[in-house]
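Please open the structure in a viewer and keep the selection panel at hand. The tour below proceeds stop by stop, stating what to select and what is to be found there.

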Amino acid sequence: MTPDHVQLAGELVRAEAGVTLPPEKDYLVKMRLERLASELGIDSIEALWDSLRQGDAVSRSLIVDALVATDTSFFRDVFPFRLVSGELLDGWRARHGSEQPLRIWSAGCASGQEAYSIRMALEARRAELGELELWATDRSQALLERAQAGWYSVVEVNRGLTARQVDEHFTPERNGFRIATHYRDEIRFQLLNLLEPFTDLPVFDAIFLRNVLGSLEPDRAANVLDRVRQVLAPDGALFLGCDESPVGLDDFERKGIGRASVYHHRDSRPPSPPSGSRTWAG
Ligand SMILES: C[S@@+](CC[C@H](N)C(=O)[O-])C[C@H]1O[C@@H](n2cnc3c(N)ncnc32)[C@H](O)[C@@H]1O
């Protein structure tokens, strides 16, 4: 693999996902492309590029998938899920009752752990909720298919779930575990590149946009955030990853708890700190 190939890979990923590959990660690019070529039964990275040059859309999308960060886990950072099923839900119920559907969006859902964690967190209060619309979107078709299948290896379930949670929400299958069918059926998995217009999205009460913006080019991250805020209800909550900065959200207030960050419009009433937890750090 030549430096030209690394540059081409960078350009492709930037164009398709808005993601920048840091130069110090060149070795990782090489390693991942070699692995992809071998999985596809292609002799070399050069041959992979040839198929791309011939307009092979599948190779194109697989190359981007191989290079974009997709790391995730169940109940990542814990607190967002406690907030959603606790204080946020209490506040939302007090304002809207159970007449209005509660809408939550996991944007950049990867292999689905975030969306399923939201659903599991809400399970204990599902009966009092009325209609729940849980959306999970990603730019990767392959990841969405994994998410929709709802099957996870032992290593994956061990990242974030207790044995009791596995018991409650999964059934053992093929050396791994499959999430309860009714959870899968309740989540709308949809292909959506955040760089493209949001044509058929409703307004959401909570949006999880975590660990996605950090890898986008700054202008694109700002543009995505600006459009995401337009589909957030005035009293809605926006969750970002713990290291992600909310460029252009000057009229939003940040509340930090543990490693999690939640943003609210300044003029909406944020929830009180969860009892027995650390105080809001924002
Ligand atoms: C690091 S994972 C984060 C997953 C999950 N949100 C979490 O915090 O655990 C980032 C996800 O964002 C997706 N992504 C990256 N760029 C995207 C884009 N332009 N449009 C939609 N999804 C994108 C990737 O495919 C990947 O699944």
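Two residues are said to be in contact if their C-beta atoms, placed from the backbone, lie within 7 Å. The model on the screen is a predicted one.

**First stop: Phe252**

Select Phe252, which lies in strand E9 (residues 252–257). Which residues does Phe252 touch, not counting residues up to four places away in sequence? They are Pro246, Tyr263, His264, His265 and Arg266. Phe252 counts as partly exposed, because 17 C-beta neighbours lie inside 10 Å. Now add Leu67 to the selection: 185 residues along the chain separate Leu67 from Phe252, and their C-alpha atoms are 32 Å apart.

**Second stop: the two domains**

Colour residues 3–67 as domain 1 and residues 79–265 as domain 2, the two parts into which the protein is divided. Taken over C-alpha atoms, the centres of domain 1 and domain 2 are separated by 29 Å. Where the domains meet, 7 residues of domain 1 are in contact with 9 residues of domain 2. On the side of domain 1 that touches domain 2, helix H1 (3–17) and helix H4 (57–67) are the elements that give two or more residues. The residues of that side of domain 1 comprise 2 nonpolar, 3 polar and 2 charged.

**Third stop: the ligand**

Next, select the residues around the ligand. Where does the ligand lie with respect to domain 1 and domain 2? Both domains give residues to the shell around the ligand, so the ligand lies between them. There are 22 residues around the ligand, and those that come nearest are Thr72, Gly108, Ala110, Arg139 and Leu194. By kind, the residues of the shell divide into 9 nonpolar, 7 polar and 6 charged.

**Fourth stop: strand E2 and its partners**

Select strand E2 (residues 132–138). Of its 7 residues, 5 are buried, so strand E2 is largely enclosed by the rest of the structure. Show strand E1 (residues 102–107) as well: E1 and E2 pair in the parallel sense over 6 bridges. One pair to label is Ile104 and its bridge partner in E2, Leu134.

Then show strand E6 (residues 187–191), which runs parallel to E2 and is joined to E2 by 5 bridges. Here, Ala136 stands opposite Phe189 in E6.

**Fifth stop: helix H7**

Add helix H7 (residues 113–123), which makes a right-handed β-α-β unit together with E1 and E2. Is H7 mostly covered or mostly uncovered? Helix H7 is mostly covered, with 9 of its 11 residues buried. Among the buried residues of H7 are Gln113, Tyr116, Ile118, Met120 and Leu122. When turning a helix in the viewer, recall that an α-helix has 3.6 residues a turn, so residues three or four places apart point the same way.

**Sixth stop: Gln148**

Move to Gln148, whose place is in helix H8 (residues 141–149). Gln148 has 14 C-beta neighbours inside 10 Å and therefore counts as partly exposed. Leaving aside residues up to four places away in sequence, Gln148 touches Arg184 and Phe189. Phe189 was already met in E6, opposite Ala136. Gly112 is 36 residues away from Gln148 in sequence, but their C-alpha atoms are 7.4 Å apart in space.

**Seventh stop: the hairpin of E4 and E5**

Select strand E4 (residues 170–173) and strand E5 (residues 176–179), which run antiparallel and are joined by 4 bridges. Pro172 stands opposite Phe177 in E5. The two strands form a hairpin with 2 residues between them.

Select Arg174, which lies in the loop between E4 and E5. Its phi is near 40°, a positive value in a residue other than glycine. Is Arg174 buried or exposed? Arg174 counts as exposed because it has 8 C-beta neighbours inside 10 Å.

**Last stop: Asn211**

Finally, select Asn211, found in the loop between strand E7 (204–209) and helix H12 (218–229). Asn211 is not a glycine, yet it has a positive phi of about 60°. With 21 other C-beta atoms within 10 Å, Asn211 is buried, whereas Arg174 counts as exposed. The cut-off explains the assignment: a residue is buried if 20 or more other C-beta atoms lie within 10 Å of its own.

Definitions and conventions. Residues numbered from 1 in each chain as written. Predicted model: local features only at pLDDT ≥ 70, side-chain atom pairs only at ≥ 80, totals over all residues. Buried ≥ 20, exposed ≤ 12 C-beta atoms within 10 Å, placed from the backbone. Pairing = 2+ DSSP bridges. Right-handed = clockwise from strand over helix to strand, strands pointing away. Domains from an automatic or database assignment. Nonpolar A, V, L, I, M, F, W, Y, C, P; charged D, E, K, R; others polar. Near = placed C-beta within 6 Å.
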